[in-house]
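Hi,

Here is the structure I said I'd pass on. Have a look at it first, and my notes follow underneath.

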Amino acid sequence: MDYTTLLNPELTALPPSGIRRFFDLASEVEDVISLTIGEPDFSTPWHISQRGIETLEKGKTWYSPNAGFTQLRESTAKYLKRRFSLDYDPKTEVMITVGGSEAIDNAFRAVIQPGDEVLIPSPCFVCYAPLAKLAGGVPVSLVTKEEDEFRLTPEALKAAITDKTKLLVLPFPNNPTGAVMRREHLEQIADVLRGTNILVLSDEIYGELTYGGTPHVSIASLPDMWERTILVSGFSKAFAMTGWRLGYACAPAPILKQMLKLHQYAIMCAPTTAQYAAIEALDNGEEDVRHMCAEYDKRRRLIVDELRRMGLSCFEPEGAFYVFPCIASTGLSSEEFCECLLREKQVAVVPGTAFGECGEGFVRISYCYSVSHICEALKRMREFIEELKK
């Protein structure tokens, strides 16, 4: 059979994830240290896992309501109110999803019509542009710059808006740069959006992992922004629950109602064991999050300082658990740098180009790994840089 005539051409045209490519390459290298993916080295806190185990022991393995257990939606709404001053009705404005990724996909498919433009600050996580395309949208990259601390500026947003603009993605704290949008920066973006019909997809999966003493602020908490914002988050990063595959979406009821239809037909409901564990995480897990965040902060300082000692220009991340150093001074492209580092020193990092063309000259290094792994990787990386200079 000629499968090229049968498969979706939009899908076949999409490249595979650049993150996974280097993760897979690293798996084939002996004695490799991989700093490629955002996989916390912490185990899920025991009291959270125990809650899931207890429900299995009691035979609580049935379907949940499509939108998720009522208790979990209520805990999610209370958590968002307590942590970020956000008000959502758990009955009609909160939906539990299979990871934050499903929530993003559902949001795109619920609001994008063919030809709608989706504004995406770049460098950014790999899923936004492909999912926008598969929903019929036209991704428009808004390049963020190191001199602007990789933040979206109101000037760049204004210049990109056309009569076809439907949605702005706000992926902050940002993967891969670690950039954040503080309240004053979000106010500037809100000023541009007021008076338009542009929606916002605010991906806040790293919201709890914000450093520097100033807490994360959601654009949905600003005046006139709640009604145009779809908030997406989850449990993978802050609560070290990657394998539980659980996230959530919050939005005004008319939007969430349509997202829920997609969820009903494609997924039915999120894993119930994970939902029970997530209730425990939200109700009793904030101290765990503070502890892990403090540890990431130590690693952040360690890795930034050491990269700068190597002579690499390195923006200081203020959120998430990634650092995005500039490697242009080595004379190598991002792909060449990563391939050579992996081949010669058995250290795997991700080329900046995996997150958009504007990522050329940068690499992403994840610091959600143990200090011993980070230190050994930095030692090998320092040797690699010194050998390049000879």
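H4 passes H10 in a left-handed crossing. Keep in mind that this is a predicted model. The two helices, H4 (residues 70–84) and H10 (residues 272–284), pack at an angle of about 25°, and their axes are 9 Å apart. Angles under 35 degrees count as roughly parallel, so H4 and H10 are roughly parallel to each other. On the H4 side, the residues that meet H10 are Gln71, Leu72, Ser75, Thr76, Tyr79 and Arg82. Their partners in H10 are Gln275, Ala278, Ile279, Leu282 and Asp283.

Now the cores. The largest nonpolar core has 71 residues, and Leu168, Ile303, Leu307, Phe337 and Ile365 have the most contacts inside it. Among the elements that each supply at least two residues of this core are helix H11 (286–309), helix H13 (371–389) and strand E12 (363–366). Both domain 1 (3–44 + 287–385) and domain 2 (61–284) give this core at least three residues.

If you want one residue to click on there, try Ile365: neighbours within four places in sequence aside, its contacts are Leu35, Ile303, Leu307, Phe321, Tyr322, Val323, Pro325, Val349 and Met381. There is also a second, separate core of 28 residues, with Leu246, Tyr276, Ala278 and Ala281 included.

One last spot: Leu260 sits in helix H9 (residues 253–266). Apart from neighbours within four places in sequence, Leu260 is in contact with Asn66, Ala67 and Met95. From Leu260 to Asp87 it's 19 Å, C-alpha to C-alpha, with their positions 173 residues apart in sequence.

Cheers

Definitions and conventions: Residues are numbered from 1 along each chain as its sequence is written. This is a predicted model: local features need pLDDT of at least 70, side-chain atom pairs count only at pLDDT 80 or more; totals for chains, interfaces and linings use all residues. Side-chain values use heavy atoms; hydrogens and water are left out. A nonpolar core is a set of buried Ala, Val, Leu, Ile, Met, Phe, Trp, Tyr and Cys residues joined through side-chain atoms within 4.5 Å. Buried means under 20% relative accessible area, exposed over 50%, partly exposed in between (1.4 Å probe, protein chains only). Helices (H or I, at least four residues) and strands (E, at least two) are DSSP runs, numbered from the N terminus. Domain bounds come from an automatic or database domain assignment. Contact means heavy atoms within 4.5 Å. Axes are lines fitted to C-alpha atoms, for helices over the stretch in contact, and angles run from 0 to 180 degrees between N-to-C directions. Angles under 35 degrees count as roughly parallel, over 145 as roughly antiparallel, 65 to 115 as roughly perpendicular and the rest as oblique. A crossing is left-handed if the near helix is turned anticlockwise from the far one by less than a right angle, and right-handed if clockwise.
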